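Q: I am new to this structure and would like to go through it step by step. Could we start with the general picture?

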Amino acid sequence: MKPAAPARRPPGPAAGFLLAAALAVLLPALPAGAQERFRRTPPLPDAQPLELKLPEVESVLLPNGLSVSTARRPGAPLVTLQLVIRAGEADSPPELPGLAAITARMIGKGTKLLSADYLENMIESMGAEYSVTVLMDYTVLTMHVLEEFLDNAIYAMRLIVCEAAFTERELGAVRRTAFWELLERKKNPETLGWRQLLRILFENHPYQTATYAEEVIKFITVKDVAAFYGRFYRPGNAAVLVSGNIDGAAMAKKIGVHFNAWVGQPVERPAAPPPSPNSRERICYVEAPGVSDATIFAGNVIMDSFDPDFFPFLVLKQVLGGTTRSRLFMNLRESKGYAYYAFSETEFFRFCGVYWVRARVRPEFLVPAAREIAREIGVMSAEPAVPAEIEEAKSFLIGNLPTRFESLEGFADWMARYVALGLDEAHWDRGPERFKLVNVERVQETARKYLMARPLIVVVGRPEWLGLALREFDAIEVYDTSGGLKHILRKGEGQ
Amino acid sequence: MNKAARSLLFLACLVLGGFPAAAGQEAAQGSLGFPFQDYRLRNGLRVILSEDTRLPLVTVAVAYGAGTLREKPGQEGLAYLLENLMFQGSENVSPLQHVGFIQKVGGELNATTTFDKTLFYETLPSNYLALALWLESDRMKSLAITPAAIERTRAELIQEHQERLASDPYLESFAQFDMLLFPDFVYGHPLIATGLEMMSLTEADVLAFHSTYYVPNNAVLCIVGNIDSAGTRELVAKYFDSIPPGIDIPSPPRPVFNRENDAVARFVGIPAAGAGFHMGFRLYPLQAGDVYILRILEYLLLEGETSRLRNRLLRRDLTARHLSGALDERLSVAALKFFCLNNNAVMVGRSQKAILSEIDKLRANLISQDELNRAKRRFEMDHLNRLSTRLGRALFLVDAAFNGRGLEELGGELNKYLRVSPPALHYFVNKYFIPQNRVVLELGPK
């Protein structure tokens with residue numbers, strides 16, 4: 001085994017020299033130091049239109065209320081089977097945050113007749129990968145499996161979901177694992193910043209339930225899990241998704257045979273109107289001893305995915321901080337040298353969305369960096385963007401979109417979100433058309449609507465850096481890494 | 001044409017295997033499930049094309065045989081430094097403009113250096129294929145290496161690595177373990193140790209490494225995606241054909257492992273509370289077909305919650321709080337490595353015993369066909385999943401090219417893994433998983 005090299009090379013140390021000499025004769029001759037004209041400028045793209053066409057999602061409703069959605073993806077002999085429950089972190093009772101996640105993790109940990117070990121063996125003997133994802137509004141149980149084992153996978157999914165049983169022993173193990181994972185996540189300043197941002201933006205809103213720390217997990221009992229399961233794991237609140245090289249109609253029938261005995265029961269999920277956006281200067285400081293740099297989050301509540309401003313806002317977000325070419329990165333890192341990075345992000349839930357800027361900054365520049373982030377957000381709403389910036393942002397968003405569902409996992413996530421939130425085709429494969437309609441005026445109109453309100457600022461840093469911030473801001477709310485308010489510092493007061 | 005020139009032409013044709021461009025493998029498919037073409041340009045650049053029209057995307061990967069194995073003692077970090085200098089501009093592309101061009105159209109890119117190669121790749125809308133080829137050919141042809149760029153890049157890399165070391169107390173132990181497991185400079189020294197070793201690299205080192213290894217006859221260009229093969233061949237010829245080849249690159253030396261003693265136990269101080277260890281079995285020299293058995297063994301022991309070692313340490317005995325592992329292939333040598341974190345030194349001992357006990361069981365008894373099939377299916381899933389993306393497919397083809405495997409044989413590759421039998425596995429474990437091949441590095445607090 002050896003690295004690639006020219007074929008049929010004669011032996012001897014002089015071969016390389018001779019090759020180079022020979023090619024000097026054979027290859028097109030250019031004056032010394034000259035280069036071909038085409039090398040001087042980047043080539044234009046092919047005129048070929050960027051048509052994005054995803055497989056159609058076909059959906060049927062079974063008599064018990066369970067919906068079945070299928071998408072035919074020919075190619076690899078792999079199939080993804082998912083079960084979506086329209087209940088997520090936000091559906092945990094306020095007094096039991098984390099219950100949705102623990103319940104989801106308990107799926108597959110036993111039925112009335114079969115043990116957790118037996119079920120895990122059953123799934124892994126197919127070579128399948130089974131995973132659980134709990135998001136704000138929904139939960140997804142996913143099995144990626146070889147095509148030949150799809151029937152077994154459907155059977156296994158039906159068993160673990162419809163006949164789930166919960167024991168104290170398994171719950172103890174699940175709680176322990178979740179506890180350590182949550183504890184481990186607290187070491188990540190980005191996790192701390194993001195969680196604190198949501199915690200404050202969604203004060204007194206069901207979405208705040210998602211921002212729990214590890215200590216709450218220990219209060220969850222088998223009875224709680226069974227109650228959550230009994231309430232939300234119902235066919236009328238669920239969808240089975242199958243994607244791969246499949247026949248959609250035949251697949252829907254097969255799913256029907258397996259899941260028709262799943263007993264339906266109405267599930268009520270009250271609507272939760274989005275909270276008002278933050279509108280005043282508010283600085284939250286999460287004390288995280290041991291971090292090497294300061295992490296800043298700045299964000300606010302925005303529209304949901306169905307809003308006409310959705311696509312213009314994505315373009316806006318891209319201009320602000322989508323890539324290393326965007327305003328935040330160029331300003332905070334390349335120009336001022338405050339930050340290692342600075343980007344903007346969005347996430348959309350069932351009832352609203354959130355935008356935020358995240359930046360990792362040098363501690364000595366914590367205050368000017370926070371000010372600069374707020375200023376950049378303000379500029380977006382105060383001044384129209386340059387048309388070239390808008391076009392570049394659109395070009396990125398349109399060009400990048402297909403990479404999101406290229407992989408098996410990416411496609412599965414995309415489809416689960418589409419079905420779980422009941423999105424329209426603009427959120428399936430018609431996004432590029434929507435992006436093309438966005439112009440400078442629409443972006444500024446959207447910016448004025450959503451960025452005029454002051455963003456909430458969260459800083460994650462060492463306790464000793466707090467003094468730097470205190471000189472600049474009138475009041476700072478100081479939190480521990482679990483999100484508990486320690487105290488409020490006001491300008492002029494000692495720590 | 002005089003006699004000397006004709007001789008030179010004849011010699012060149014011998015060297016290049018034909019003129020014009022060597023006809024390669026045309027639209028081979030086999031049981032890989034996708035077509036590809038494999039050919040060389042006159043300057044020795046190996047080109048692999050594979051059409052996939054499902055999405056309007058294309059992945060362009062360029063790999064140079066310029067991994068850490070090409071570094072000499074005193075040159076540690078050179079391969080990594082060069083990887084990063086490749087983004088510092090070339091004759092027609094300003095520093096970091098490469099990244100900007102790709103991001104501007106929604107593309108994604110990255111680079112990585114391994115033991116045997118340095119790989120650059122980008123996935124972008126397929127109508128921008130020419131842009132990617134223009135960028136890659138410009139830095140292949142005319143990379144701008146300046147003292148300032150070297151200094152800046154080196155300083156950034158050292159700082160970044162020092163930060164990584166500070167934030168991950170176990171990181172340094174991985175490099176130390178590799179040096180113990182592969183006690184041969186070429187095969188065992190890390191991509192980057194503390195970072196400070198890069199301080200001694202000179203501009204001359206950098207230029208010499210670049211001019212020797214970043215040449216078309218030491219590279220593979222792989223393009224996978226929504227392409228028209230004929231048009232793509234023209235584009236490849238346009239951008240790469242006139243880049244002159246470099247000197248002949250010798251094959252890397254065979255490893256000389258100068259330690260024959262039993263398991264080695266070392267102890268390094270880690271600042272974090274807790275304990276853990278690395279354990280590895282070095283397999284050398286590998287025989288044809290060994291790698292198929294080894295990969296299935298890796299899955300059997302480590303992949304999935306019910307795999308032997310994860311089940312034993314994390315679920316049954318509860319002696320470990322983390323267990324991971326990997327198969328590390330380095331040309332003619334390979335190693336199966338485990339990394340385990342425990343709560344205390346007692347659990348370290350118990351976990352080690354448990355791993356050895358599971359290996360002993362494999363040595364003593366034939367594994368059941370059911371258990372073996374489970375590992376194979378899991379591997380098959382991962383293998384097919386990897387080939388389902390353009391990037392995964394490109395990296396697979398590049399790896400195969402670097403491993404010296406004929407691409408025409410790749411169609412049967414999966415079956416070689418799936419044909420591993422219980423007796424073959426039993427023989428393999430008895431042959432290689434012996435104390436003389438075992439290395440342990442125990443970790444504990446300072």
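A: The following exchange concerns a predicted model.

Q: What helices and strands does chain A have?
A: Chain A has 16 helices and 13 strands. Its C-alpha atoms fill a box of roughly 80 × 75 × 50 Å along the principal axes.

Q: How much of chain A is buried?
A: Of the 495 residues in chain A, buried ones make up 48%.

Q: And what about the contacts in chain A between residues at least 6 apart in sequence: what share joins residues at least 24 apart?
A: That share is 78%.

Q: What are the corresponding figures for chain B?
A: Chain B comprises 16 helices and 12 strands. It has 446 residues, of which 49% count as buried. Among its contacts between residues at least 6 apart in sequence, 77% join residues at least 24 apart.

Q: Let us turn to the interior. How many residues are in the largest nonpolar core?
A: That core has 155 residues. Val84(A), Ala153(A), Ile296(A), Val315(A) and Val459(A) are those with the most contacts inside it.

Q: Which helix gives the most to this core?
A: Helix 13 of chain A, residues 408-420, gives the most, contributing nine residues.

Q: Where is the second core?
A: The second core is separate and has 70 residues, among them Ala63(B), Tyr80(B), Phe101(B) and Ile243(B).

Q: Why might such residues group together?
A: In soluble globular proteins, nonpolar side chains tend to be buried together.

Q: Back to Val315(A): which residues is it in contact with, leaving aside its neighbours within four places in sequence?
A: Val315(A) is in contact with Ile390(A), Ala393(A), Lys394(A), Leu397(A), Phe435(A), Val438(A) and Val443(A).

Q: How do helix 9 and helix 15 of chain A cross?
A: The axes of helix 9 (residues 310-321) and helix 15 (residues 440-451) of chain A cross at roughly 90° and come within 9 Å. Helix 9 of chain A is therefore roughly perpendicular to helix 15 of chain A.

Q: Which residues make that contact?
A: From helix 9 of chain A come Pro312(A), Phe313(A), Val315(A) and Leu316(A), and from helix 15 of chain A come Arg442(A), Val443(A), Thr446(A), Ala447(A) and Tyr450(A). The residues of this contact divide into seven nonpolar, one polar and one charged.

Q: Now another pair: at what angle do helix 2 and helix 5 of chain A pack?
A: Helix 2 (residues 99-106) and helix 5 (residues 168-185) of chain A pack at an angle of about 125°, and their axes are 10 Å apart. Because of that angle, helix 2 of chain A is oblique to helix 5 of chain A. The crossing of these two helices of chain A is right-handed.

Q: Which residues are involved there?
A: Helix 2 of chain A supplies Ala101(A), Ile102(A), Arg105(A) and Met106(A), while helix 5 of chain A supplies Glu170(A), Leu171(A), Val174(A), Arg175(A) and Ala178(A). Six residues of this contact are nonpolar, none is polar and three are charged.

Q: One last topic: where does Pro277(A) lie?
A: Pro277(A) lies in the loop between helix 8 (248-259) and strand 7 (283-287) of chain A.

Q: Why does Pro277(A) count as partly exposed?
A: Pro277(A) is partly exposed because 19 other C-beta atoms lie within 10 Å, whereas a buried residue needs 20 or more.

Q: What does Pro277(A) touch, not counting residues up to four places away in sequence?
A: Pro277(A) touches Asn300(A), Val301(A) and Ala453(A). In addition, the C-alpha atoms of Pro277(A) and Tyr450(A) are separated by 8.6 Å, although these residues are 173 residues apart along the chain.

How values were computed. Residues are numbered from 1 along each chain as its sequence is written. Chains are lettered from A and ligands numbered from 1 in the order in which they are written. A nonpolar core is a set of buried Ala, Val, Leu, Ile, Met, Phe, Trp, Tyr and Cys residues joined through C-beta atoms within 7 Å. A residue is buried if 20 or more other C-beta atoms lie within 10 Å of its own, exposed if 12 or fewer, and partly exposed in between; C-beta atoms are placed from the backbone. Helices (H or I, at least four residues) and strands (E, at least two) are DSSP runs, numbered from the N terminus. Two residues are in contact if their C-beta atoms, placed from the backbone, lie within 7 Å. Axes are lines fitted to C-alpha atoms, for helices over the stretch in contact, and angles run from 0 to 180 degrees between N-to-C directions. Angles under 35 degrees count as roughly parallel, over 145 as roughly antiparallel, 65 to 115 as roughly perpendicular and the rest as oblique. A crossing is left-handed if the near helix is turned anticlockwise from the far one by less than a right angle, and right-handed if clockwise. Ala, Val, Leu, Ile, Met, Phe, Trp, Tyr, Cys and Pro count as nonpolar, Asp, Glu, Lys and Arg as charged, and the others, Gly among them, as polar.
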